[in-house]
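Please open the structure in your viewer and keep the sequence panel beside it. The tour below proceeds by selections, each followed by a description of what is found there.

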Amino acid sequence: MEQFPYFDAIDMLSNADILREMKAGHIKISPVNPDQLGGASVDLTLSGEFSIMKKQPCAIDLSKHTFGDLFLKKTCPSLTLKPLELVLGKTVEKISLANNIAGRLDGRSRYARLGLAVHVTSSLIQPGSSNHQVLEIINFSGRPMKLFAGLRISQATFSYLNSPTTKPYRTFGRIAKNQ
């Protein structure tokens, strides 16, 4: 198979590659069932832990407001998301990656076609991560949408790096230890 020069640095892993790396302990996903594995991805499940933006009459000043100022934590089995509403969700699965493997979060097409986005800009799972994934969930449809714990809402794909990172996220990530 011909390789394109811009793909030399990173190769996406197939299901066989993911299984091999899981058996070697280079990719750890817990808990995980065999039926969560697709052709080149692993489905991730929404937990019942959410962070909901507080209602604020003022504009968000990025130089002053912090995450803690703006969000409330809530645990519930289901949540109805209004149109254009943002909520942070968390995966049931904890993903741990070797220092030479990175991951990416993507939405599932069945929900994207209904107007649900599962991340805004933070799709990268850093090499050396060991945490649950936080999902930035937005309802882009014109109708309320019900989310529930146990929903396979997202999927992760994985790629090799040309060389291992010298800054594994589990050590250097500021928020990593709390996810």
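In which sense do strand β6 and β11 pair, and over how many bridges? Select residues 101-107, which form strand β6, together with β11, and you will find them paired in the antiparallel sense over seven bridges. Bear in mind throughout that this is a predicted model. Within this pairing, pick out Gly 103, which stands opposite Phe 158 in β11.

Keep β11 (residues 152-160) selected and add strand β2 (residues 42-53), since these two strands also pair in the antiparallel sense, here over four bridges. A convenient place to look is Val 42, which stands opposite Ala 156 in β11.

Next, select helix α1, residues 15-24, and display the side chains of Asp 17, Ile 18 and Glu 21, which are the buried residues of this helix. Because they cover an arc of only 100° around the axis, they lie on the same side of α1. In general, an α-helix has 3.6 residues a turn, so residues three or four places apart point the same way. If you now show β1 (27-30), β2, β6 and β11 as well, you will see the elements against which the buried residues of α1 pack. Before leaving the helix, look just after α1, where Gly 25 takes a positive phi of about 85°.

Two features of the backbone come next. Select Ser 30 and Pro 31, whose connecting peptide bond is cis, with omega near -5°; Pro 31 itself is found in the loop between β1 and β2. Then move to Leu 84, in the loop between β4 (78-81) and β5 (86-97), which has a positive phi of about 65° although it is not a glycine. Leu 84 counts as exposed, because its relative accessibility is 65% and the cut-off is over 50%.

Is Asn 131, in strand β9, buried or exposed? Select residues 130-139 to bring up strand β9, in which Asn 131 is found, and note that Asn 131 is buried, since its relative accessible area of 2% is under 20%. With side chains displayed, you can follow the polar contact, at 2.9 Å, between the side chain of Asn 131 and the side chain of Gln 133.

Finish at Tyr 169, which is found in helix α4 (residues 169-172) and is partly exposed, with a relative accessible area of 24%. Add Leu 97 to the selection: Tyr 169 and Leu 97 are 72 residues apart in sequence, and their C-alpha atoms are 9.3 Å apart in space.

Notes
Residues numbered from 1 in each chain as written. Predicted model: local features only at pLDDT ≥ 70, side-chain atom pairs only at ≥ 80, totals over all residues. Heavy atoms only, no water. Buried < 20%, exposed > 50% of the residue type's maximum accessible area, 1.4 Å probe, protein only. Pairing = 2+ DSSP bridges. Arc of directions from axis to C-beta. Contact = heavy atoms within 4.5 Å. Polar contact = N/O pair within 3.5 Å; in protein donor to acceptor, adjacent residues only side chain to side chain.
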